[in-house]
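Let's take a walk through this protein together, moving from a single side chain out to the whole chain. Have the model open and ready to rotate.

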Amino acid sequence: EQITKHLNRLIDVVKVYDLTDSSYIERELMLIKVRAAAGKDRDEMKRMADIFRGRIIDVTDKTYTIELTGDTAKLDGFIAALDETVILETVRTGSSGIARGERVLKI
């Protein structure tokens, strides 16, 4: 309750609603830069992105930048499936959610 009141006081926040009391959809965005040297490593990174339904959005000679969306467990699973040494950089948005069904947020 205190967090909700504090967030509502912030200028950029229009409305805060606790979705945990009902059915909702939650997603998070992650951009991850991985080492992908020539040959087998590149193929393996492409395969991993495909398995987790990620998109390769930037390619260099030595790296791939992969975009993934999903719940926190999916993104954590992708990171766990990779060897730590191939991860160069990771950026995550945090969770966003919306109520399921006919329910809408009114401002």
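Is Ile-57 buried, partly exposed or exposed? This is a predicted model, and in it Ile-57 has a relative accessibility of 40%. Because buried means under 20% and exposed over 50%, Ile-57 counts as partly exposed. You will find this residue in strand S2, which covers residues 55-59. Together with Leu-31 and Val-91, Ile-57 makes a nonpolar surface patch of about 220 Å².

Now let's turn to the charged side chains. The structure holds six salt bridges, and a few of them are worth visiting one by one. Start with Arg-92 and Glu-28, whose closest N and O atoms are 2.8 Å apart. Arg-92 belongs to strand S4 (residues 87-92) and Glu-28 to strand S1 (residues 24-35), so this salt bridge ties together parts that are 64 residues apart in sequence. The two partners differ in their cover: Glu-28 counts as buried, at 8% relative accessibility, while Arg-92 counts as partly exposed, at 29%.

Strands S4 and S1 also supply the partners of another pair, Glu-89 and Lys-33. Here the closest N and O atoms of the salt bridge are 3.8 Å apart. Since Glu-89 lies in strand S4 and Lys-33 in strand S1, the pair ties together parts that are 56 residues apart in sequence. Glu-89 is partly exposed at 43% relative accessibility, and Lys-33 is partly exposed too, with a relative accessible area of 31%.

For a salt bridge inside one element, move to helix H2 (residues 40-51), where Glu-44 and Arg-47 sit three residues apart, a separation of about one helical turn. Their closest N and O atoms are 3.0 Å apart. Glu-44 is partly exposed with a relative accessible area of 33%, and Arg-47 is partly exposed with 43%. Elsewhere, salt bridges that share partners join Glu-28, Asp-76 and Arg-92 into one network, which brings Asp-76 into the picture alongside the pair we visited at the start of this tour of charges.

Next, look for Thr-63 in strand S3 (residues 63-70). Thr-63 counts as buried, with a relative accessibility of 13%. Its side chain makes a polar contact of 2.7 Å with the side chain of Thr-60. Which residues does Thr-63 contact once its neighbours within four places in sequence are left aside? They are Lys-33, Val-34, Ala-36, Arg-42, Asp-58 and Leu-88. Lys-33 is familiar already, as the salt-bridge partner of Glu-89.

Finally, zoom out to the whole chain. The protein chain has three helices and five strands, and from the N terminus on its elements run α-β-α-β-β-α-β-β. Among contacts between residues at least 6 apart in sequence, 68% join residues at least 24 apart. The C-alpha atoms fill a box of roughly 50 × 30 × 20 Å along the principal axes. The radius of gyration is 18 Å, whereas a compact globule of 107 residues would have one near 13 Å. Buried residues make up 21% of the 107 residues. The accessible surface comes to about 8000 Å², and 52% of it belongs to carbon and sulfur atoms.

Methods: Residues are numbered from 1 along each chain as its sequence is written. This is a predicted model: local features need pLDDT of at least 70, side-chain atom pairs count only at pLDDT 80 or more; totals for chains, interfaces and linings use all residues. Side-chain values use heavy atoms; hydrogens and water are left out. Patches are made of residues with over 30% relative accessible area and no salt bridge: like charges are joined within 9 Å, nonpolar side chains (Val, Leu, Ile, Met, Phe, Trp, Tyr) within 5 Å. Accessible areas come from the Shrake-Rupley method with a 1.4 Å probe; for residues, only the protein chains shown count as cover. A salt bridge is a side-chain nitrogen of Lys or Arg within 4 Å of a carboxyl oxygen of Asp or Glu. Helices (H or I, at least four residues) and strands (E, at least two) are DSSP runs, numbered from the N terminus. Buried means under 20% relative accessible area, exposed over 50%, partly exposed in between (1.4 Å probe, protein chains only). A polar contact is a pair of N or O atoms within 3.5 Å; within protein, one must be able to donate a hydrogen and the other to accept it, and residues adjacent in sequence count only if both atoms are side-chain atoms. Contact means heavy atoms within 4.5 Å. The radius of gyration is taken over C-alpha atoms; the globule rule is 2.2 Å times the number of residues to the power 0.38.
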